[in-house]
Amino acid sequence: MVNYKRRGTVHGSLAEISANRVYSTRLAIKSNKSEDQSDGKNVQALKFPCIAMLRKSMQNLKISVDHLQKNKLSLVKPKSKSLNVLVLGAKNVGKSALIVRFLTRRFIGDYMSGEDQRYEHTATHLKNHVNVVFLDTSDSESNVGSDNVVDEKKLAWADGIIVVYDVGNLLTFEYAQGVIKALCKKSSENSDSASLPLTRRNETVYSQKIYKNFRNKPLLLIGNKADLWHNRRVTVLEGQSIACKYHDILDYEELSAAEGYDAVQKCINGLLTKVTKSKNGRSLSL
Ligand SMILES: Nc1nc2c(ncn2[C@@H]2O[C@H](COP(=O)(O)OP(=O)(O)OP(=O)(O)O)[C@@H](O)[C@H]2O)c(=O)[nH]1
């Protein structure tokens, strides 16, 4: 309570100080012309030496903007060099474990669940630094079996997608299938068609957006927890059949984040290489 009050006072006084500064500076700028013209002492400039600096910065800014306009340059930022990877899958399939294994080579048993985690990683190749961002999403079990399994905004952000399921849990495999189907579903129906029932129209709009945001971005399907062979509910054959069905857009791997680093590293690096190719139009082996 005491700390809070103290903080309040400090903030208050800082705010007052800056407000006073801005106000005084404005006054000085307003009255600037007559002071410059007068051959007397420039009292404001002496009192506020920041005015000269401010004026200079404004001049510099104007010069820069003029230069941009003259040379038809734009103020738009250059294209981001980071590779964004979206990690999807049902709850508890080992999404965090996989990403952390890839980034740190270590298997860590427990992770915070319930909210999306963002991991940033810098890879170096031919003296170029490539920034990779993984968005490890956290889905609730209620999403299993639902149609709207992919968030269109996250999908638009992504350059590549990893879909994970647990080989010991059939529901998570069905969820992964649902995601892949949603990504690859082409919608030919006209979403504006008033003849369609509302739910159908919403579904169509949804799948059109998903399809548009996906646009054949590199996709990797991982069957995780292969070390728990006694607990297996999804056969290798079932995983492979999905891989065959979507072979032109999808890579598939069955592995265990718990058991080793090499398989995780190999398949995620494979995806990153594809992402780099599709993003920049040139190859980069990480
Ligand atoms: N045996 C085994 N356990 C694993 C493996 N990968 C992850 N786990 C365990 O599975 C549990 C869930 O792992 P997480 O990485 O938190 O799963 P998640 O998909 O990120 O979970 P949410 O954040 O809740 O969506 C943890 O207890 C992990 O230790 C694996 O390859 N083998």
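## Close-up views of a predicted model

**View 1. Helix α4 is a mostly covered helix.** Welcome to this predicted model, which we enter at α4, where 8 of the 10 residues are buried. The buried set consists of Lys95, Ser96, Ala97, Leu98, Ile99, Val100, Arg101 and Phe102. Helix α4 spans residues 95-104, and it will come back in several of the views below.

**View 2. The ligand sits among residues that include a share from α4.** Here we look at the surroundings of the ligand, a shell of 20 residues. The closest of them are Gly94, Ser96, Ala97, Ser113 and Ala258. Which helix gives the largest share of this shell? That is α4, with 3 residues. By character, the shell divides into 9 polar, 6 nonpolar and 5 charged residues. Ser96 and Ala97, both listed among the closest residues, also belong to the buried residues of α4.

**View 3. Arg105 follows directly after α4.** Just past the end of the helix, Arg105 takes a positive phi of about 70°, although this residue is not a glycine. Arg105 lies in the loop between α4 and β2. Is Arg105 buried or exposed? Arg105 counts as exposed because it has 12 C-beta neighbours inside 10 Å, and a residue with 12 or fewer falls in that class.

**View 4. Gly114 belongs to the loop between α4 and β2.** Staying in this loop, we come to Gly114, ahead of strand β2 at residues 117-125. Gly114 has 7 C-beta neighbours inside 10 Å and therefore counts as exposed. How many residues apart in sequence are Gly114 and Ser138? They are separated by 24 residues, while their C-alpha atoms are 5.6 Å apart in space.

**View 5. Tyr261 is in contact with two arginines.** Tyr261 is found in the loop between β6 and α9. Setting aside neighbours within four places in sequence, Tyr261 is in contact with Arg101 and Arg105. Arg101 is one of the buried residues of α4, and Arg105 is the residue with the positive phi just after that helix. Tyr261 and Leu103 are 158 residues apart in sequence, with 9.8 Å between their C-alpha atoms. With 14 C-beta neighbours inside 10 Å, Tyr261 counts as partly exposed.

**View 6. Strand β1 is covered and pairs with β4.** What about the cover over β1? This strand is mostly covered, with 7 of its 7 residues buried. Leu83, Val85, Val87 and Gly89 point one way from the strand, and Asn84, Leu86 and Leu88 point the other way. Strands β1 and β4 pair in the parallel sense over 5 bridges. In one of these pairings, Leu86 has Ile161 of β4 as its bridge partner.

**View 7. The largest nonpolar core draws on several elements.** This core has 45 residues, and those with the most contacts inside it are Ile162, Val163 and Val179. Elements giving two or more residues to the core are β1, α4, β3, β4, α6, β5 and α9. Which of them gives the most? That is α6, with 7 residues. Let us zoom in on Ile162: beyond residues up to four places away in sequence, Ile162 touches Val85, Val87, Leu220, Ile222 and Leu271. Two of these partners, Val85 and Val87, point one way from β1 together with Leu83 and Gly89.

**View 8. Strands β5 and β6 are linked through a helix.** Strand β5 (residues 219-224) and strand β6 (residues 250-254) run parallel and are joined by 5 bridges. Between them, the chain crosses from β5 through helix α8 (residues 236-245) to β6, in a right-handed β-α-β crossover. Among the pairings, Leu219 has Leu250 in β6 as its bridge partner. Lys225 lies in the loop between β5 and α8. Lys225 has a positive phi of about 65°, although it is not a glycine. Lys225 counts as buried because it has 25 C-beta neighbours inside 10 Å, and the cut-off for buried is 20 or more.

**View 9. The whole protein, for context.** Stepping back, we find 9 helices and 6 strands. Of the 286 residues, 26% are buried. Among contacts between residues at least 6 apart in sequence, 69% join residues at least 24 apart.

Note on methods:
Residues numbered from 1 in each chain as written. Predicted model: local features only at pLDDT ≥ 70, side-chain atom pairs only at ≥ 80, totals over all residues. Near = placed C-beta within 6 Å. Helix = DSSP H or I, 4+ residues; strand = E, 2+ residues; numbered from the N terminus. Nonpolar A, V, L, I, M, F, W, Y, C, P; charged D, E, K, R; others polar. Contact = placed C-beta atoms within 7 Å. Pairing = 2+ DSSP bridges. Right-handed = clockwise from strand over helix to strand, strands pointing away. Core = buried A, V, L, I, M, F, W, Y, C linked by C-beta atoms within 7 Å.
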